[in-house]
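Biologist: Please take me through the helix packing and one ligand site, and justify each label as you go.

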Amino acid sequence: MATGNPYTVKWGIMATGGIAETFCKDLLCNPEIRGAHDVRHEIVAVASSSSKKRADEFLKTIDGAFDAKTYGSYPELVSDSNIDIIYVATPHSHHFQNTMLALEAGKHVLCEKAFTVTAAQARKLVETAKAKNLFLMEAVWTRYFPLSIQIRERITAGEIGTVYRTIGDLSFNSNATEGKGLSFADSHRMVNVDLAGGAILDLGVYPLTWVFQTLYHLQPEQDKEAPTVVAASNKYTTGADENTAIICQFPQHHSLGVATTTLRAHTDPELDAVPAIRIQGSEGEIQVFFPAYRPLKYKVVKKSGESQTFDCPIPGDPARNGWGHGMFWEADECARCLRDGKKESATLPWKESIVIMETMEAALKQGGIEYPELITTDVYDPKSPLNTGNQ
Ligand SMILES: NC(=O)C1=CN([C@@H]2O[C@H](COP(=O)(O)OP(=O)(O)OC[C@H]3O[C@@H](n4cnc5c(N)ncnc54)[C@H](OP(=O)(O)O)[C@@H]3O)[C@@H](O)[C@H]2O)C=CC1
Ligand SMILES: O=C1OC[C@@H](O)[C@H](O)[C@H]1O
C-alpha cells in the first residue's frame with residue numbers, strides 16, 4: 001500500500017452521452033474497493049454542447065460531483081483552469097477537433113476510442129501533445145483490466161509458447177425486427193457516416209486490441225513490426241461498414257491476427273458457449289469470453305488439452321449501489337501517469353495507437369468506406385462546428 005495522501009486528479013468531462021455517464025459513475029467509485037490506495041478522482045466540470053441545463057441534468061444522472069462547474073459549450077470547458085485532464089466522450093467524428101481544442105488550451109486528454117477517423121489525425125494529436133508536453137491517451141479501457149494484464153503476463157512468461165495467431169470478434173445482432181435494415185436509425189452514431197459510424201471504428205477496435213496487445217505490444221522494442229493489412233467490408237445503406245474482416249500479418253514474427261466485427265450476427269448468442277478471442281501458441285491457447293471490450297473470464301488450454309478457467313470480476317462499490325463498470329482502471333492509469341510526469345501510457349503508447357489507426361484506415365480504404373471532409377481533415381479549426389456544437 002502506498003503511504004501518504006492519494007494523488008488527486010481533477011477531471012473535466014466533455015459530452016454527456018452514454019459513455020460519459022458510465023465513466024463518471026466509475027470515477028465516483030471509491031478507489032479502495034479496487035485496491036487503488038495511491039490515486040483518487042474528482043469530477044470538477046462537465047460540458048454539454050447542447051446546453052448548460054443538459055450538463056446540470058447530467059450531474060443528477062451520475063448522482064455525484066454536485067459541486068462541479070457546468071458549461072453549455074466545449075470551448076468554455078477547456079478554458080477552466082481548475083481542470084487537470086479532459087475526458088473526450090463525443091462520437092468518433094469529433095475526437096480530432098475536440099482533443100485538439102483541449103490540448104491547445106493546455107489540458108491533458110483521455111480520448112474515447114476509436115482515437116480518430118484517420119491515421120493522420122492521430123499523428124497530429126500525438127505531435128501536438130508532444131510539442132505541448134501534455135499527457136494524451138486513447139481510452140481503450142480493456143487494456144487496463146487485471147484480466148488483460150494477467151494474459152499479457154502469461155504470454156510473456158511463455159505459458160502458451162510462441163504465439164502464432166490471435167483470432168478475435170466483437171459482433172452484435174442488430175438486425176431490425178422487420179425488413180432488412182438494422183435496428184439503429186440512420187442518424188445514430190453506429191451507422192451515420194457524418195459521425196464516423198460503422199462496425200470497424202466502433203467495435204472492430206476491440207478485436208484489434210486483442211490482436212495488438214498479444215501480437216504487437218509484446219514484440220521486443222527493437223523488432224517492432226507493424227502489420228500488413230488485408231480487409232473486406234460489406235456496406236450498410238448509409239455507407240458505413242456493417243460487416244468487416246481484417247487480417248493483420250506480422251511476417252517477421254510468423255504471426256497472424258484476424259479481427260472480425262459485424263452488426264448482423266452475435267459473437268456468442270448463447271453467451272459463454274464459444275470464446276470471443278483465441279490467442280494461439282505453440283504450447284496451448286488462451287480463450288477470452290464475450291464481450292471483447294469487458295471480459296470477465298478466460299481459460300488457459302494447454303496443448304495436452306488440460307485447461308483452467310480464471311474469473312476476473314469487476315469490483316463494485318457498496319456505497320454506490322454496487323456500481324463498478326471497469327473504466328476506473330484506465331482512469332487510475334491516467335492519474336498515475338500525471339502524478340509521475342509521464343506523457344503517454346506504456347500500456348498503450350502513442351505509437352501503438354497510431355499503428356492501430358493505420359490498420360483501421362487501411363481496412364476502411366479496402367472496404368471502400370468513405371467519410372466526409374469535415375471529419376477527416378487533420379487541420380485543426382477551433383471554430384469547427386464539431387467544437388462549437390453546431391454539428
Ligand atoms: N469505452 C466504451 O465502452 C464505450 C465507448 N464508446 C465511445 O464513446 C464515444 C461516445 O459514445 P456514446 O457515449 O455511446 O455516444 P452518445 O451518442 O450516447 O453520446 C455522445 C455525446 O457526444 C455529444 N455530441 C456532440 N456532438 C454530437 C453530435 N453531432 N451527435 C451526437 N452526439 C454529439 C453529445 O453530448 P453533449 O450534447 O453533451 O455535447 C452526446 O451526448 C464514442 O467514441 C464511442 O465509440 C461508446 C460506448 C462504450
Ligand atoms: O465501446 C463500445 O463498447 C460497447 C459497445 O456496445 C459500444 O457500441 C462501443 O462503442
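**Ligand contacts and helix packing**

Modeller: In this predicted model, a side-chain N or O atom of Lys113 lies 2.8 Å from an oxygen atom of ligand 2.

Biologist: What makes the pair from Lys113 and ligand 2 a polar contact?

Modeller: The cut-off for a pair of N or O atoms is 3.5 Å, and the pair of Lys113 and ligand 2 is at 2.8 Å, so it counts as a polar contact. Asp202 places a polar side-chain atom 2.6 Å from an oxygen atom of ligand 2, and Tyr206 does so at 2.7 Å. The residues around ligand 2 also include Arg189, Met190, Leu203 and Tyr293.

Biologist: Why are α5 and α9 called roughly antiparallel?

Modeller: Helix α5 (residues 119-132) packs on helix α9 (residues 350-366) at about 165°, with the axes 8 Å apart. Angles over 145 degrees count as roughly antiparallel, and α5 and α9 are therefore given that label. The crossing of α5 past α9 is right-handed.

Biologist: Which residues of α5 and α9 meet?

Modeller: Among them are Ala122, Arg123 and Val126 in α5, and Trp350, Ile354 and Glu358 in α9. By class, this contact of α5 with α9 has eight nonpolar, four charged and no polar residues.

Biologist: How do you know that α4 and α5 are roughly parallel?

Modeller: The axes of α4 (residues 92-104) and α5 cross at roughly 5° and come within 10 Å. The limit for roughly parallel is under 35 degrees, so α4 and α5 qualify. Their contact includes Phe96 and Met100 of α4 with Leu125 and Thr128 of α5. It has five nonpolar, three polar and three charged residues.

Terms used. Residues are numbered from 1 along each chain as its sequence is written. Chains are lettered from A and ligands numbered from 1 in the order in which they are written. This is a predicted model: local features need pLDDT of at least 70, side-chain atom pairs count only at pLDDT 80 or more; totals for chains, interfaces and linings use all residues. Side-chain values use heavy atoms; hydrogens and water are left out. Axes are lines fitted to C-alpha atoms, for helices over the stretch in contact, and angles run from 0 to 180 degrees between N-to-C directions. Helices (H or I, at least four residues) and strands (E, at least two) are DSSP runs, numbered from the N terminus. Angles under 35 degrees count as roughly parallel, over 145 as roughly antiparallel, 65 to 115 as roughly perpendicular and the rest as oblique. A crossing is left-handed if the near helix is turned anticlockwise from the far one by less than a right angle, and right-handed if clockwise. Contact means heavy atoms within 4.5 Å. Ala, Val, Leu, Ile, Met, Phe, Trp, Tyr, Cys and Pro count as nonpolar, Asp, Glu, Lys and Arg as charged, and the others, Gly among them, as polar. A residue is near a molecule or strand if one of its heavy atoms lies within 4 Å of it. A polar contact is a pair of N or O atoms within 3.5 Å; within protein, one must be able to donate a hydrogen and the other to accept it, and residues adjacent in sequence count only if both atoms are side-chain atoms.
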